[in-house]
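Trainee: Please take a close look at one part of this model, the sheet, and set out in one connected account how it is put together.

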Amino acid sequence: MLKIAASLLAADFACLKRDIGRVEKADYLHVDVMDGLFVPNISFGPPVIGAVADITPVPLHLHLMVWEPGRLLDVLYAAGGGQIDCITVHAEACTHLHRTLQEIKNLGVKAGVALNPATSTDGIRHVLGLVDRVLVMTVNPGFGGQQFLWEMVPKIRATKELMDSAGVECEIGVDGGIDMVTAPEVVEAGARFLVAGSAIFKADRPEQVIAGLRGVNRENRG
Ligand code: DX5
Ligand code: ZN
């Protein structure tokens with residue numbers, strides 16, 4: 001079964017409560033935290049995460065696009081008020097990735113690792129046992145509404161093969177440019193957790209897009 005995460009970055013921030021209410025059928029609300037350094041953009045921090053957690057029953061998936069995210073785990077976790085399902089950090093942003101993943105697990109939430117397009121999955125082979133989800137970035141992180149990078153499809157496949165050969169059962173996620181055209185390709189390659197921002201929030205009927213993405217399978221390929 002595919003899991004669908006609606007990426008809040010594509011919401012209308014002047015009507016955040018309304019837009020969050022429109023995606024309650026999603027499995028997760030994906031919250032992109034940016035620091036203006038690891039990525040050239042700034043988005044949400046603890047106060048917004050706290051406010052969001054207060055108004056939705058949907059579990060939160062935090063995607064930390066910040067340098068040394070270990071510094072911020074406690075404050076972000078406290079803001080989420082127990083509604084955080086998973087915290088994903090970038091492999092490139094952590095000097096001590098293994099330690100940071102342990103710290104996430106110690107909070108009692110799932111741990112995810114995101115990989116920039118230029119980062120190979122081979123580099124995280126030795127931490128896969130600690131990881132619940134590998135998030136293959138299918139755009140360069142930092143902005144919503146970018147074009148899907150088709151070169152990432154073989155990387156998703158390679159990630160699946162690496163996990164199978166290592167005998168680990170973590171989930172493969174994708175983030176960036178996911179819609180009804182690209183979703184069948186990433187699912188065929190092995191992705192089971194789809195993050196979508198523009199495709200969901202910019203739609204007239206977000207719940208229909210969520211249901212459509214959830215129903216994608218390899219037969220839908222164009
Ligand atoms: C990009 C973010 C994504 C983004 C996806 O850096 O991590 O979560 O919101 O947006 P779309 O689906 O519009 O590419
Ligand atoms: Zn994201």
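Mentor: Two strands are taken as paired if DSSP finds at least two bridges between them. The model is predicted, and its sheet can be followed from one such pairing to the next. Eight strands close into a barrel with parallel pairing, in the order E1-E2-E3-E4-E5-E6-E7-E8. On average, neighbouring strands of this sheet are turned by 25 degrees against each other, direction ignored.

The pairing of E1 with E8 is a good place to begin. Strand E1 spans residues 3-7 and strand E8 residues 193-196, and four bridges hold the two in the parallel sense. Within this pairing, Ile4 has Leu194 of E8 as its bridge partner. E8 also runs parallel to strand E7 (residues 171-175), to which three bridges join it. There, Asp175 stands opposite Val195 of E8. The connection between these two strands involves helix H6 (residues 183-189), and E7, H6 and E8 together make a right-handed β-α-β unit.

The side chains of E8 deserve attention as well. In a regular strand, side chains alternate between the two faces of the sheet. In E8, Phe193 and Val195 point one way, while Leu194 and Ala196 point the other way. All four of these residues are buried.

Elsewhere on the barrel, helices cover the strands. Helix H4 covers residues 97-106, and its buried residues are Leu97, Thr100, Leu101 and Ile104. These residues lie on the same side of H4, because the arc they cover around the axis is only 100 degrees. They pack against helix H3 (73-80), strand E4 (84-90) and strand E5 (110-115). H4 itself lies across E4 and E5, and its direction makes about 145 degrees with that of E5. After H4 comes Gly108, with a positive phi near 90 degrees.

To return to the overall sheet, its eight strands close into a barrel, and E8 contributes to it through bridges to E1 and to E7.

Terms used: Residues numbered from 1 in each chain as written. Chains lettered and ligands numbered in written order. Predicted model: local features only at pLDDT ≥ 70, side-chain atom pairs only at ≥ 80, totals over all residues. Heavy atoms only, no water. Buried < 20%, exposed > 50% of the residue type's maximum accessible area, 1.4 Å probe, protein only. Arc of directions from axis to C-beta. Contact = heavy atoms within 4.5 Å. Axes fitted to C-alpha atoms, helices over the stretch in contact; angles between N-to-C directions. Right-handed = clockwise from strand over helix to strand, strands pointing away.
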